[in-house]
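Let's take a friendly walk through a protein model, looking at a pocket, some charged pairs and a strand in the middle of things. Have the structure open beside you as you read.

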Amino acid sequence: MAKQVPLIIIGGGPIGLACALAAQKEGLDYLILEKGCLVNSLYHYPLNMTFFSTSERLEIGGIPFVSNNAKPTRPEALEYYRRVALSKHVKIHLFEKAESIKSNGEGYTVVTDKNTYTAKNIIIATGFYDIPNLLHIPGESLPKVTHYYKDPHFYATQKVIVVGANNSSVDAALETYRKGADVTMVIREGEIGRRVKYWVKPDIENRVKEGSIKAYFHSVLTNIRDTEADILTPEGVVTIPNDFVIAATGYQPDFSFLERTGITLSDDAVRSPSYDPETMETNLPGIYLAGVVCGGMNTHTWFIENSREHADRIIRHIVK
C-alpha cells in the first residue's frame, strides 16, 4: 500500500535540505528521497575541491557555516550539511531512488526502487552531477578514461590527458601535475575558461606558458587507445603517448526523468525545463523544481548560493 506524504522532495543535496528546512518551519510534513548518500553530489566531488563561494553563501536554513578558510573545502561542506541534517532531524530516506512520478487524479504517485508513495506536492531538486557529457569518440569506454576525477595521487608519474578548460579541468590538471604526472590539456576554445576561479587562473596560465603543462588550444580529442591518443589540432592530428584520460566535459540533469514525469523542456540545445520563476512550479500543478536542475544544460547558471531562495518560494506557494 502506498505511503501518504503531503510533500516529497526528490534529491538530498543542499537545496533539497533547504526545501526540507523551509517545510519544517511552516509545519508542513515532508520526506526527502535521495538515491545515494547525504549530499551525494558533493560527496563525489574531487577530494581537494575548494568552493568558489564563501561559507556564508552556502548556508541553508539560517544555520551558520563556519569554515577555517576563506573558501570552504569539500570536507567542510560535508561536515556542515551533515550537521544540519542531523541537528534538524531532517526526514530523509537515503539510498532510495525515485523511478517515476505519475498523476493519480488527486496528486501524484511516486514509485521508488523500495517503496510507493502518494503526495499532493513534489519538489524535484536532483542537481546535474550524475550524467556526464560524453565525448562520443572511439576508446571513450576504456577503463583508463574517467569523467569523474577524484584524487591526484592515483596519477603520479603517468601521462595524463585532461579534456576541457573550466574549473574541474584546471583543478585536475594542476593537482595531477603537482603529484608528478605528465599533463596535456586538450581545449576546444582558444583560452583557459573565463569562469575559472580567479585565484587559480593565473596558476594554470603560467604553468602552460612555461611548458610545465602542455596545452593544445582549438583542439579536440578524436581517438583513445590503450597506450596513446589522437588530438585534432589546427596543424593536423597529433598522436601522443597516454596512460589516462580525465574527460572533465561537464554534466547534465536527468532529462529523461523530467520528460517521463511530463515536465516540458525547451526545444533548443539548452533543454530548459518549464517553470514559473516566481513560484518554481512546473507545467504540472503541484510539481516544483529547485536548484541546478532549473538551468537545463546551462548548469553554470544556478549554484547553492543563488538557488537557496527557491526553497522559500516553493514552500510559500504550497502553504498558500
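## A pocket and its lining

First, a bit of vocabulary: Ala, Val, Leu, Ile, Met, Phe, Trp, Tyr, Cys and Pro count as nonpolar, Asp, Glu, Lys and Arg count as charged, and the others, Gly among them, count as polar. Also keep in mind that this is a predicted model.

With those classes in hand, take the second largest pocket, which holds about 220 Å³ of space. It has 13 lining residues, and the closest to its centre are Leu21, Ala22, Gly61, Gly62 and Asp312. Two elements give two or more residues each to this lining: helix H1 (14–25) and helix H8 (309–319). H1 supplies the largest share, five residues. What does the lining look like by class? It has five nonpolar, three polar and five charged residues.

## Helix H8 from the inside

H8 is worth a second look, since that helix also has a buried side. His310, Ala311, Arg313, Ile314, Ile315 and Ile318 of H8 are buried. What do these buried residues pack against? Their partners are strand S2 (7–10), H1, strand S8 (121–124), S19 and helix H7 (304–307). So H1 turns up twice in our story, because H1 gives residues to the pocket lining and the buried residues of H8 pack against H1, with buried meaning under 20% relative accessible area.

## Charged pairs

Now for the charges. Side chains of opposite charge can pair when their charged atoms come close. This structure holds 13 salt bridges, and here are a few of them.

In one of these, Arg207 pairs with Glu210, with the closest N and O atoms 2.8 Å apart. Both residues sit in helix H5 (residues 201–210), three residues apart, which is about one turn of the helix. Is Arg207 buried or exposed? Arg207 counts as buried, because its relative accessibility is 15% and the cut-off for buried is under 20%. Glu210, at 47%, is partly exposed. This pair has company, too: Arg178, Asp203, Arg207 and Glu210 are linked in a network of salt bridges.

Another salt bridge joins the side chains of Arg225 and Glu228, at 3.0 Å from N to O. Arg225 is partly exposed at 27% relative accessibility, and Glu228 is partly exposed as well, with a relative accessible area of 30%. Then there is Arg271, which forms a salt bridge with Glu259, the closest N and O atoms being 2.7 Å apart. Arg271 lies in the loop between helix H6 (255–261) and strand S19 (287–289), while Glu259 belongs to helix H6, so this pair ties together parts that are twelve residues apart in sequence. Arg271 is partly exposed, at 26%, and Glu259 is partly exposed, at 43%.

## A strand covered on both faces

In a regular strand the side chains alternate between the two faces of the sheet. Strand S17 (residues 244–247) is a nice place to see how that plays out. Phe244 and Ile246 are on one side, Val245 and Ala247 are on the other, and all of them are buried, so both faces are covered.

Which strands pair with S17? Strand S10 (residues 145–146) runs parallel to S17 and is joined to it by two bridges; here Thr146 has Ile246 as its bridge partner. Strand S11 (residues 159–163) also runs parallel to S17, with four bridges between them. In that pairing, Val160 stands opposite Phe244.

Key. Residues are numbered from 1 along each chain as its sequence is written. This is a predicted model: local features need pLDDT of at least 70, side-chain atom pairs count only at pLDDT 80 or more; totals for chains, interfaces and linings use all residues. Side-chain values use heavy atoms; hydrogens and water are left out. A salt bridge is a side-chain nitrogen of Lys or Arg within 4 Å of a carboxyl oxygen of Asp or Glu. Buried means under 20% relative accessible area, exposed over 50%, partly exposed in between (1.4 Å probe, protein chains only). On a 1 Å grid over the protein atoms alone, a cavity is a set of points where a 1.4 Å probe fits but cannot get out, and a pocket is an open set with protein on both sides within 12 Å along at least five of seven lines; lining residues have an atom within 4 Å of a point. Grid points are joined across faces, edges and corners, and a volume is the space filled by probe spheres set on the points. Two strands pair if DSSP finds at least two bridges between them. Contact means heavy atoms within 4.5 Å.
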